[in-house]
Amino acid sequence: MTDTSHTPDRSTSDERPQKRARIEEPTSESATTGLSNPASTTVPTSDAPTPVANNGSDFEKEARAGITEYVCPDRLGFTGTLKRRYTDFLVNEIGLDGEVLHLRNLGVEKRDGKKTEEKVEKKDSVNGEGKDVEMKDAATDVKKAPPAESAETTTEVKTENGEEKKEDTAAQAPQISDEDLKTLQGFFGEEAVFHILKLVQAMRKHPTWKARDFTAITAPSIDDKERRTLAHQALRRIFPNMMESSTEADNSFRIKAAPPAIRGNKKQKAAGRERNQEFRPKGPLAWQELGGEYLHFTLYKENKDTMEVVGYLGSVTGGGSKSYGFAGTKDRRACTVQRVSVKRQTAERMAHVGTRLFNAAIGDFEYKQHDIGLGDLMGNEFVITLRDCHFEKEEGMDFQQRLQLAQQVLAQAVKDFSEKGFINYYGLQRFGSFSNSTDAIGVKLLQGDLKGAVEDLLAYSPIALAAAENTTSTPEVLVSQDDKARAKGLHIWKTTQNGTEALCSIPRKFTAERNIIQHLSSRNGRSGKHDRLHDWQGALMTIPRNLRLMYVHAYQSLVWNVVAGKRWQLFGDKVVEGDLVLVNEHKDKQADAKPAQQDTVDQDGEIIINPSGADSSLAADDAFERARPLSKEEAESGKYNIFDIVLPQPGFDVEYPRNAIGEFYKEFMGSERGGGLDPMNLRRTWRDVSLSGGYRKFLARPLKPIGFEVKTYRDEEVELVVTDLQRIKGGSEKKGEEAKEKGTEKETKMEEGEEKIAVTLSLQLASSQYATMALRELMKEGGVKAFKPEFMGGR
């Protein structure tokens, strides 16, 4: 299973991405297993300290998340660097039909039989590229030269046939009189006017862009009311139908672009409408003739979140990300392929939109009668490349001997893993890597401590704040600009309660923090007073629902992990009395089970047609999973194996095991570490933090045996696998040859001892399984060394 991600941060867009976990710090070099005695009945101590998620080794983080046991603890392990390049982690969705999904075609067949062009003239990017890049470039130009010098009269551009021509851009540059310039500078100051002129220039250059595609400007406050009125009037007079201005609570000015409808641009809008009309069928019957109202397509992305790309597509086609359906989100630092659906969009239009994507592509269009929903997949195929691998007991061996050892260790590890599986733990990404983990926030929500939950969400790292204020004592620790800005904004809010100033610093991608501060500092619409400073639930309600649910679900995951470890300690892979199995999955094994017979004729002798699938109005039997405990006779009958056993995620509507594990739920959840909660009483008046529960398989194994390949390399930048996009564009062979040449050049300059070993694993996992946990079982403790990013988390 992969974790959830972001919508694109497109200037002033209302829909914001989910907060995602940062890439982990390098793991410990320790080679010990650190396992508990399988026969031990020790209960995890309830007063164990909670380490900060960004600190410590992966072993400490795993212990904090309840990840402690191995199925085969005595097998030799190995280490390797994960995700050194995002092409080292390929994820391809496995459909409900069992087929592995691959991107095969980018274009779409037109009605005349010709394929649409796949040429990309200009890429509007996602996550700060494309349009946003141009705005950033403009901002950079502002710093380099005064406004009067930045307006060029002509520029050289290349046409499609390579010829150069002069293009007049004088109309794009804002031309105002010296008197008007002085007037604006008198109201807003030179710096603000500087950015206003650049905004106008960008608007004239891109007349069809929406208002939210341009960055708004915040100008200094004007306390005198009459002077503020004159400032508004001056903007409207100097830039008619171009600007919209408003006064904030602190009397500062917010200046933004007017919508295209106000700016005019009738020709461009008419052309756009005509182009869209050309693609859009008219009426329900027309969609049915195509195959259905839902267009399914394959999404390929590199180093991006699923929601990031889907959010961008929604902003272009209208309807936002909610108009798109997909089976699950995929990893960010990876190359992933998945199926997506959208309602009433044509393949021609989506293919056109696809040419504007950056580091992503869409294709393989097909019309269907239904959309795609969460869980509509069998699983995912992972092709994982681990670099700079080292194996236990390789000390003193030469390179060829290490290669032989690698083959032996991997062959045994893969054999045991394919047969015995792994404990189906929730991975570390489920708990985030911020100073306060997501499950800790979930505990406070369930305890009713909403103030504490808000304070945890608004917590920040002293290291990030020191870096933002240039007072850090650890210059070797790098903090990203976003994390510095976040820490600075949250510190402003904590010390001054000035929401406007705090929001000016916090980047828009931090959805939860911005929404909370905006609510707490806002004016009550009914009373007109600033009386929301302590409205904790109202503030939490402003966070997107799927992000709110993530916190309480993380607590469920923590409980499940700890209980799973205890289950393995007590009983190992034995099926015991009181274990739970899913009812619908094992109907045929019950003693009184009878095959279901459907009537074929009614009382009048007429034939009955029993609909199925999409034609049936009845819900499937397994729409709501139920579990039941095994009797002693069933547990000893041999009809059930360890892969049939499920453990409940705590909730008010689940069955708990009727053995020692059921009692352990009460013991752990009632402890300090478990939040002092009752597993039988998780219903809350606030529905979003009320847990009904669910079930998860205790052990898991791959859908088919794992494949592996041992490779050698010298250059860390060499790509060791071919992606779908490289393959369909025909660049795989060329790229491979270039990589080989590059590697060969470096090889001549490097010594033989610098040759390294890489391992490529191919495994298929069900949708509820984590690849990182599978790697943990294969490689043992400290085996996975996450690639160290340039910047620390800083949260």
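This is a short walk through the structure shown above, from the whole chain down to a few of its side chains.

What you are looking at is a predicted model. Its protein chain folds into 25 helices and 21 strands. Of the 795 residues in that chain, 50% are buried. The accessible surface adds up to about 39,700 Å², and carbon and sulfur atoms account for 48% of it. Contacts in the chain often reach far along the sequence: if you take those between residues at least 6 apart, 77% join residues at least 24 apart.

Now let's turn to the aromatic rings. A pair of such rings is described by how far apart the centres are and by the angle of the planes. The structure holds 14 aromatic pairs. In one of them, the ring centres of phenylalanine 297 and tyrosine 324 are 6.4 Å apart and the planes meet at 80 degrees, so this pair counts as edge-to-face. Here two distant parts of the chain are linked, with phenylalanine 297 in strand 8 (residues 294-302) and tyrosine 324 in strand 9 (residues 324-326), 27 residues apart. Both phenylalanine 297 and tyrosine 324 are buried.

Another edge-to-face pair joins tyrosine 656 and tyrosine 665, with 5.0 Å from centre to centre and 65 degrees between the planes. Tyrosine 656 and tyrosine 665 are buried too. Elsewhere, Phe187, Phe188 and Phe253 are linked by ring pairs into a cluster.

Rings can also have a charged side chain for a partner. Lysine 83 lies over the face of phenylalanine 89, 4.4 Å from the ring centre. In a similar setting, arginine 486 lies over the face of phenylalanine 510, this time at 5.7 Å from the ring centre.

Let's finish at a single residue, valine 575. You will find valine 575 in the loop between helix 20 (545-571) and strand 14 (580-582). Is this loop residue buried or exposed? Its relative accessible area is 17%, and because the cut-off for buried is under 20%, valine 575 counts as buried.

Which residues does valine 575 touch, leaving aside those up to four places away in sequence? They are Arg567, Leu630, Ala635, Tyr640, Asn641, Ile642 and Ile645. To place valine 575 against another part of the chain, look at lysine 632: the two residues are 57 apart along the chain, while their C-alpha atoms are separated by 9.7 Å.

Methods: Residues numbered from 1 in each chain as written. Predicted model: local features only at pLDDT ≥ 70, side-chain atom pairs only at ≥ 80, totals over all residues. Heavy atoms only, no water. Phe/Tyr/Trp six-rings, centres within 6.5 Å; stacked < 30°, edge-to-face > 60°. Helix = DSSP H or I, 4+ residues; strand = E, 2+ residues; numbered from the N terminus. Buried < 20%, exposed > 50% of the residue type's maximum accessible area, 1.4 Å probe, protein only. Lys NZ or Arg CZ within 6 Å of the ring centre and 35° of its normal. Contact = heavy atoms within 4.5 Å. Areas by Shrake-Rupley, 256 points an atom, 1.4 Å probe, with all protein chains shown as cover.
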